[in-house]
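Welcome, and thanks for taking a look at this one with us. Please have the sequence and the 3D view ready, and follow along section by section.

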There are 2 protein chains.
Amino acid sequence: MSQKLDRRKKYTRKVLKDSLITLLANKSLSSITVKEICELADINRSTFYTHYTDHYDLLHKIEDEITEDMNRYLHSYDYEKEEESLQMTEKILEYITENRLMFQTLLNHQSAPTFEKRLMDLTRNFMINTWPRANELRTEESKYLSSFVISGAIHVIKEWIAQDLKESPREMAEMINQFINNGLSYFE
Amino acid sequence: MSQKLDRRKKYTRKVLKDSLITLLANKSLSSITVKEICELADINRSTFYTHYTDHYDLLHKIEDEITEDMNRYLHSYDYEKEEESLQMTEKILEYITENRLMFQTLLNHQSAPTFEKRLMDLTRNFMINTWPRANELRTEESKYLSSFVISGAIHVIKEWIAQDLKESPREMAEMINQFINNGLSYFE
DNA sequence: AACACCGTGTTGGATAGACAACAAACAGTT
DNA sequence: AACTGTTTGTTGTCTATCCAACACGGTGTT
């Protein structure tokens, strides 16, 4: 799956991604130039084109990576067991902590409206397909409920980030899981 | 003098230097292996040897660079003018701020006893050769006085670092210059 | 003593990235 | 409309780094 990358490739992609994220914090995606990204990353511009076709492609691949990671977290725990579902949420929040700047800017509609939508779709699909309690509901209802619950959770996370991650991932995980459980029991 | 470096060289040397400094914070120089440095820096070990002969050489070149930078600061201001001498001290303190971890560990005798000595020699030479007030003194006296003043200043800086750089470089510059001036007027 | 283990210093071949140069597209200026 | 400056893709050559492999010396284990 994830091939063993040459250290040079690994480094180049990392700094290009970091660079775009940094720029996105202050400017709109369309106003950012490839040249600018490369200068900040200290990478030759021609090298950029061996990895990405343009900066839209770069952003797309950044988002791909995040959603892949999220997906991995979602599927590496047994959501039916309460403690494991808690650990899962905690793991995801830790991941967000580690990539704080990324989430902070990507969740900001202005620069990249697609990201939040992708996150929601991903999580909703997971819930609908693998979560028993959601399954028991009628299809239509479960869709709305999951949307409700997930957009709520994402909003809480956004606020958490905006407040400088004052609470620990564990605290937030407990809080968010509580919210979600309450939300899901709404129709029970 | 400083040739335009290929980005790759620049990057490799930077991460190797950072890596050694990081390791020095916890272990003694002699117990650190080349392999370890390369693994932390994520650089192939064979690449290390194209730049440095061993880790002692690496540390030596780190120190070289710092002393060169210090020297540049010392000579880019007119020390006779009070305001410029203040700016100079401030500039040096800012430089220390930017390389905080480096100074913190290198000034710690345990790991690298030579560094503090090099710094002192450098500064003392500067004072003796280019500072009029020190020149007026007898050679022997000026040597001792400069040693006294400089070791005092370095100690103040070490304390400043240990106290997490609470004061601004400007504040510290004013304080230190005051100390030095008072110190130098001792024999006047 | 024989053994396995680990870091060292070095080599050779493969490749990613640096760099310089280019034509083309575009935006703003006069 | 010609002019200036900037970004864009693209290409060819050069070289720094990667990687795997090697012989060597030191250290410790049985």
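## A helix to start with

Which residues in H5(B) are buried? This is a predicted model, and in it Ser85(B), Leu86(B), Met88(B), Thr89(B) and Glu90(B) are buried, along with Ile92(B), Leu93(B), Tyr95(B) and Ile96(B).

Helix H5 of chain B runs over residues 82–98, and its 17 residues should span 24 Å at 1.5 Å a residue. The C-alpha atoms at its ends are 25 Å apart, which agrees with that expectation.

## How the two chains are related

Two copies of a chain are related by a rotation about an axis and a shift along it. Here, chain B is superposed on chain A by a rotation of 180 degrees with 0.0 Å of shift along the axis, at an RMSD of 0.1 Å. The two copies are thus related as by a two-fold rotation axis.

If you would like a landmark for that axis, try Arg8(B): of the residues of chain B, its C-alpha comes closest, at 4.7 Å. The interface fits the picture too: 100% of the interface residues of chain B are also interface residues in chain A, so the copies meet through the same surface.

## Salt bridges

Side chains of opposite charge can pair when their charged atoms come close. Over all chains, the structure holds 36 salt bridges. One of them links Lys10(A) with Asp42(B), where the closest N and O atoms are 2.9 Å apart. This pair crosses between chains: Lys10(A) sits in helix H1 (residues 7–24) of chain A, while Asp42(B) is in the loop between helix H2 (34–41) and helix H3 (45–51) of chain B. Lys10(A) counts as partly exposed at 41% relative accessibility, and Asp42(B) is partly exposed as well, with a relative accessible area of 28%.

Within helices, have a look at Asp121(A) and Lys117(A), whose side chains meet in a salt bridge of 3.3 Å, N to O. These two are four residues apart in helix H7 (residues 114–130) of chain A, so about one helical turn separates them. Asp121(A) is partly exposed at 35% relative accessibility, whereas Lys117(A) is exposed at 55%. In chain B, Lys35(B) forms a salt bridge with Glu39(B), with 3.8 Å between the closest N and O atoms. Both of these residues are exposed. Elsewhere, Glu83(A), Glu90(A), Arg170(A) and Glu174(A) are joined into one network by salt bridges that share partners.

## A buried threonine

Thr67(A) has its place in helix H4 (residues 55–75) of chain A. Its relative accessible area is 11%, so Thr67(A) is buried. Leaving aside neighbours within four places in sequence, Thr67(A) is in contact with Arg118(A) and Leu122(A). With Arg118(A), the side chain of Thr67(A) makes a polar contact of 3.4 Å.

## Meeting DNA strand C

Both chains take part here: H1 and helix H3 (45–51) of chain A, together with helix H1 (7–24), H2 and H3 of chain B, each supply at least two residues of the surface near DNA strand C. Of the 20 residues around the strand, those that come nearest are Arg8(A), Thr12(A), Thr47(A), Arg7(B) and Lys35(B).

Of the strand's atoms within 4 Å of the protein, 65% belong to sugar or phosphate and the rest to bases. On the phosphate side, a polar backbone atom of Lys9(A) is 2.9 Å from a phosphate oxygen, and a backbone N or O atom of Asn44(A) lies 3.0 Å from a phosphate oxygen. For the bases, turn to Ser46(A), which has a polar side-chain atom 2.8 Å from a base nitrogen of DNA strand C.

Conventions:
Residues numbered from 1 in each chain as written. Chains lettered and ligands numbered in written order. Predicted model: local features only at pLDDT ≥ 70, side-chain atom pairs only at ≥ 80, totals over all residues. Heavy atoms only, no water. Expected span 1.5 Å × (residues − 1). Buried < 20%, exposed > 50% of the residue type's maximum accessible area, 1.4 Å probe, protein only. Salt bridge = Lys/Arg side-chain N within 4 Å of Asp/Glu carboxyl O. Least-squares fit on C-alpha atoms with pLDDT ≥ 70 in both. Contact = heavy atoms within 4.5 Å. Polar contact = N/O pair within 3.5 Å; in protein donor to acceptor, adjacent residues only side chain to side chain. Near = heavy atom within 4 Å.
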